[in-house]
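Grab a pencil and let's work through a few short exercises together. Have a look at the structure first.

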Amino acid sequence: MEHMRSISMDLTLSIPGAKSDDSLNMSDDKIAIIVPQSSPMLSMSPSNKTLPQWVKSEDSHQAPDIEKRAALALVKKVAAEFLGTFLLIFVVLSALIMNEAHGGALGPVGVAAAAGSAVFVIVASLAHISGAHLNPAVSAAMAAFGYLPRAQLLPYVAAQLLGSTAASFVAKAVYGNPANLGATVATVPAVGAGEAVAVEFVATFVLLFVITALSTDPKAVKELIAVGVGAVVMMDALAFGESTGASMNPARTLGPAIATGTYTKMWVYMVAPPLGAIAGTGAYVALKI
């Protein structure tokens, strides 16, 4: 009886006006609820106090919810990188193919404008989702300086390479596999390997210097990110397009190379853009300190 009374006292509720039961020896303003010790309504807490099972710790659900949200956010980012890179490469290849098919109707300025405007539109659309890197060199530089979690680098790069490759095969199918497709859309240096490395390094350095300035500096005008990046891509395409194709992007080179089987000096585009990107980001970070 003493044991039952101790349990009942723990669950005593103050209810004004409630009448007492003489057998419980309780005050006139309280009512006792007696629950057997073996009842599933009671469980032992870490502090050895009895608590109802419906009283659950918020922390027990908080961690799984955070993990699910983080995983879903990463899926959205990777999907955005795949779609953005797909659209960019498809537009660039379409411009190159149409320019070749119509006797140079677009010219270098037209092709450069198509590339720059594509970057502008896609960055403006996707920057708030994934950052709109669209380029393994950009992702590598962002990860190197802590602007992208390093655990997300591999998914980003995989999505970009797959997006470029898919766009290259789609363009090949849409335009009926035209003659000399490799010479038209692949980035093959028209200069020596050493000069090509220098050109791609400098072009990507400038690109990442601007990207880092506009996207990471709190003092920068964020609304100009898409405009600035699109303008740099157009500028580099005009300045360096005739010598190396102004790739600045390993995905831009790898996708068309796979689709056309053109791998001439491809190592230049796998090495120089990432190095130039890291150097460009590092240069702005150093200035900002």
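Below are three exercises, each with a worked solution.

This is a predicted model, where local features need pLDDT of at least 70, side-chain atom pairs count only at pLDDT 80 or more, and totals for chains, interfaces and linings use all residues. Residues are numbered from 1 along each chain as its sequence is written, and side-chain values use heavy atoms, leaving out hydrogens and water.

**Exercise 1.** Find out where confidence in the protein chain is lowest and where it is highest.

*Solution.* Start with the score: pLDDT is the predictor's confidence in each residue, from 0 to 100. The chain's mean is 85, with 78% of residues at 70 or more. Next, go to the extremes: strand β1 (residues 13-14) is lowest, with a mean of 42, while helix α4 (residues 136-144) is highest at 98. Residues 1-28 have pLDDT below 50. Where pLDDT is low, don't read the predicted coordinates in detail.

**Exercise 2.** Work out how the axes of helices α7 and α10 cross.

*Solution.* First, the axes of α7 (residues 193-216) and α10 (residues 267-288) come within 6 Å and cross at roughly 40°. That makes α7 oblique to α10 (under 35 degrees is roughly parallel, over 145 roughly antiparallel, 65 to 115 roughly perpendicular, the rest oblique).

**Exercise 3.** Is A132 buried or exposed?

*Solution.* Locate A132: it sits in the loop between α3 (107-130) and α4. Then check its relative accessibility, 8%, so A132 counts as buried (under 20% is buried, over 50% exposed, in between partly exposed; 1.4 Å probe, protein chains only). Finally, A132 has a positive phi of about 50°, though it isn't a glycine.

Key. Axes fitted to C-alpha atoms, helices over the stretch in contact; angles between N-to-C directions. Helix = DSSP H or I, 4+ residues; strand = E, 2+ residues; numbered from the N terminus. Contact = heavy atoms within 4.5 Å.
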